[in-house]
Each structure stands twice: as C-alpha cells, then as structure tokens.
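User: Could you take me through the ligand site in this one, slowly, and then through whatever around the rest of the chain deserves a second look? I'd like it as one connected story.

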Amino acid sequence: MQVVDAILPARAAFGAVPRPLGFVPTMGALHRGHLELVRAARASCRTVAVSLFVNPLQFGPDEDFARYPRDLAGDCRQLEEAGVDLVFAPERETMYPPGFSTSVDVGEIGARYEGAVRPGHFRGVATVVLKLLNVVRPDALFLGQKDAQQTAVLRRMVRDLDLDVRVEIVPTVREADGLALSSRNAYLSVAQRAAAPTLQRALRELYAALARGDGKENAVRAARGLLDPAATLDYLDVVDADTFEPLDAPRAGAFVVGAARFGQTRLLDNIWLPA
Ligand code: AMP
C-alpha cells in the first residue's frame with residue numbers, strides 16, 4: 001500500500017493505477033463503517049484509494065475540529081489489511097495553502113437540516129471533495145448512507161458540475177443495538193452510549209406513525225417521546241432523498257432523518273425507504 005501526502009506525487013500515483021479506480025474519502029479514525037465502503041469499492045474496482053483528512057473547512061468555530069480523533073498509523077494498518085492500494089493523507093497546508101479562497105456553494109440543499117444546524121458545513125464538504133476528486137480522478141466515489149444529506153449534496157454537485165465520476169451509496173453499518181457506527185461515538189460517556197440507540201428508535205417510530213396515517217405533527221411528537229429524555233433533538237423529519245425538502249408522508253425513495261445531541265456529542269441517523 002502506497003501512502004502519499006503531496007499533490008503532485010499523488011497525481012502521478014493515481015494516474016498510473018489499473019482502472020477502474022474506486023475512491024473512499026474519510027476523515028480517518030476508521031471503523032467498520034469506513035471499511036464497508038472499502039469492501040464495496042474493492043467489489044467493483046480494480047484499484048481502491050482512500051483519503052484521510054480532517055477537513056477544517058467543514059467544522060464550525062465551536063465544533064470539535066481540534067479534538068476530532070486522529071490515528072494515521074492505526075488507520076493505515078486497517079486499510080492495508082483491507083486491501084487498499086493507495087492512501088492520500090495530506091496536511092492541512094497542502095490542501096489549503098496561504099491565500100486559499102475558493103469554495104463550492106451547494107445552494108438550498110446545503111442550507112437545510114445539517115446545514116441549518118452547521119452553517120457552512122456542506123460548503124466545506126463539497127469544496128474538499130471536489131479538490132480530492134481533482135487529485136485522485138477516480139471512476140467511482142463511495143459514500144455512506146449514514147450521512148444521507150451529504151450523499152444528496154455530493155450527488156447534486158457531481159450532476160451540476162458535470163463531474164465524470166459514478167457515485168455509489170453504501171448502507172449504514174450499525175452496532176448490535178442499532179447505533180450507527182461513527183467516529184464521534186468515541187466521545188460518548190457510558191450513560192450516553194446506552195441512550196444513543198434511542199435516536200434510531202425515534203426514527204423508526206416516526207416512520208411507523210406516518211405509515212399508519214398519523215399527521216406529521218403527531219408522528220413527530222410520538223417519535224420524540226422515544227428519544228432519551230437527556231438528549232436534545234435537533235430535527236426529526238421525512239425528506240425527499242434528492243432535494244432534502246420536507247415531505248408530509250413517507251414515500252419510496254425518501255429518507256427519515258434525525259439528529260440529536262447526547263451531551264456535547266451530535267449524532268445523526270436515517271432510514272432510507274427504497275425506491
Ligand atoms: P467520515 O470519516 O465521518 O467523513 O466518513 C467517511 C465516509 O464513511 C462517509 O461517506 C460516511 O458516510 C461513511 N460512514 C461513516 N459512518 C458509516 C457507517 N456507520 N456506515 C457506513 N458508512 C459510514
């Protein structure tokens with residue numbers, strides 16, 4: 001497995017690999033969810049590349065950029081075992097040298113839900129992913145359904161900017177009790193970890209209530225009742241999978257989405273209603 005950290009050597013390395021090339025962008029602190037994306041990439045691509053980069057542009061000023069878990073050596077060990085061919089792990093200054101000022105404005109889709117709670121988040125995500133795509137030039141981009149709005153934003157960007165890459169969405173990997181794997185789960189106290197699966201239960205209840213014909217207000221109230229009382233709900237809704245506009249009732253191809261805070265830790269989750 002080759003590890004590169006600078007743009008020009010990365011371009012040379014990625015340009016020389018057997019195609020198709022599958023690419024999995026990550027912020028490191030890898031878990032089984034990330035490795036599932038690698039597995040999906042290996043299943044359909046001759047070469048698999050992963051990036052490890054904690055992107056400062058997608059964190060707000062009061063967020064956890066500084067304390068976000070970082071473990072380059074441990075991540076590389078896991079990726080080597082998983083059969084990854086190339087890793088791109090740039091420093092912050094490599095991606096954003098002095099004077100860097102261009103960004104991708106993803107429009108309305110990036111202003112709702114996660115974008116409303118985290119202003120500028122999706123601008124940061126779209127900007128870094130476009131930069132990474134320009135360096136790696138993959139045939140396929142693998143994204144986790146766990147970050148449903150991110151998949152919608154990036155699919156929109158790929159269409160709008162005519163990017164020549166196929167986007168593949170990989171189902172969420174969960175713990176036995178239903179909690180979606182996330183690098184941020186490491187922040188949870190024992191009590192918060194025990195309470196965290198109530199977010200997924202609330203999403204299921206929202207779906208069930210809407211499916212049996214309850215109005216959205218009542219359905220959201222019933223679902224909210226299942227969330228651990230110590231948690232703070234940011235949002236709970238059913239949305240169009242492409243636009244992330246709110247829907248009154250679930251339909252094929254929609255997402256039931258939610259986010260809540262357990263102490264300082266924000267967790268998000270969703271249920272996809274297959275088309
Ligand atoms: P991150 O390192 O959090 O930026 O995530 C990198 C990629 O892994 C994103 O496409 C995420 O959606 C995906 N991912 C994170 N957690 C999971 C999970 N539990 N199951 C599947 N994919 C995931």
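Analyst: Let's fix one term before we start: a residue is near a molecule if one of its heavy atoms lies within 4 Å of it. Also keep in mind that this is a predicted model.

With that cut-off, how many residues surround the ligand? There are 17 of them. The closest are His34, Gly144, Asp147, Val173 and Leu181, so those are the ones to click on when you open the site, given the 4 Å cut-off.

Now for where the shell comes from. Strand S2, residues 21-26, supplies at least two residues of the shell, and so do helix H2 (32-44) and strand S5 (140-144). Which element gives the largest share? That's H2, with three residues.

Next, the polar side of the site. Start with methionine 27, where a backbone N or O atom lies 2.9 Å from an oxygen atom of the ligand. Then go to valine 173: a backbone N or O atom there lies 2.9 Å from a nitrogen atom of the ligand. Leucine 181 joins in as well, with a polar backbone atom 2.9 Å from a ligand nitrogen. How much of the ligand does the protein cover? On its own the ligand has 490 Å² of accessible area, and the protein covers 92% of that. As for the space that the ligand takes up, it is the largest cavity.

Let's stay with the backbone for a moment, and bring in a few odd spots. Most residues other than glycine have a negative phi, and most peptide bonds are trans. Against that background, look at the loop between S2 and H2, where you'll find alanine 29. Its phi is near 50°, which is positive, and alanine 29 isn't a glycine. Is alanine 29 buried or exposed? It counts as buried, because its relative accessibility is 16%, and the cut-off for buried is under 20%.

A second positive phi, near 50°, turns up at tyrosine 113, again a residue other than glycine. Tyrosine 113 is in the loop between helix H4 (92-95) and helix H5 (114-117). With a relative accessible area of 12%, tyrosine 113 is buried.

The peptide bond to check is the one from arginine 19 to proline 20: it is cis, with omega near 0°. Proline 20 lies in the loop that runs between helix H1 (7-15) and S2.

Just before tyrosine 113 in the numbering comes arginine 112, and its backbone oxygen has a partner. The side chain of glutamine 149 reaches that oxygen at 2.8 Å. Glutamine 149 itself lies in helix H7, residues 148-160, and counts as buried because its relative accessibility is 4%.

Another polar contact involves two side chains. Aspartate 269 meets arginine 174 this way, at 2.9 Å. Where does aspartate 269 sit? In strand S9, residues 265-272. At 5% relative accessibility, aspartate 269 counts as buried too.

Now on to a trio linked by distances. Aspartate 240 is in strand S7 (residues 232-240) and counts as buried, at 15% relative accessibility. Proline 250 is ten residues away from aspartate 240 in sequence, and their C-alpha atoms are 8.9 Å apart in space. Valine 256 pairs up with aspartate 240 in a similar fashion: they are 16 residues apart in sequence and 9.0 Å apart from C-alpha to C-alpha. Valine 256 belongs to strand S8, residues 254-262, and is buried, with a relative accessible area of 0%.

Last stop, the cysteines. A disulfide is a covalent bond between the sulfur atoms of two cysteines. How many disulfides does the structure hold? Zero. Cysteine 45 is in none, and its nearest cysteine sulfur, on cysteine 76, is 20 Å away. Why does that rule out a pair? Because a disulfide needs the two sulfur atoms within 2.5 Å. Cysteine 76 is likewise in no disulfide, with the sulfur of cysteine 45 as its nearest, 20 Å off. As for accessibility, cysteine 45 is buried at 9% relative accessible area, and cysteine 76 is buried at 15%.

Note on methods:
Residues are numbered from 1 along each chain as its sequence is written. This is a predicted model: local features need pLDDT of at least 70, side-chain atom pairs count only at pLDDT 80 or more; totals for chains, interfaces and linings use all residues. Side-chain values use heavy atoms; hydrogens and water are left out. Buried means under 20% relative accessible area, exposed over 50%, partly exposed in between (1.4 Å probe, protein chains only). A polar contact is a pair of N or O atoms within 3.5 Å; within protein, one must be able to donate a hydrogen and the other to accept it, and residues adjacent in sequence count only if both atoms are side-chain atoms. Accessible areas come from the Shrake-Rupley method with a 1.4 Å probe; for residues, only the protein chains shown count as cover. On a 1 Å grid over the protein atoms alone, a cavity is a set of points where a 1.4 Å probe fits but cannot get out, and a pocket is an open set with protein on both sides within 12 Å along at least five of seven lines; lining residues have an atom within 4 Å of a point. A molecule sits in a cavity or pocket if more than half of its atoms lie within 2 Å of its grid points. Helices (H or I, at least four residues) and strands (E, at least two) are DSSP runs, numbered from the N terminus.
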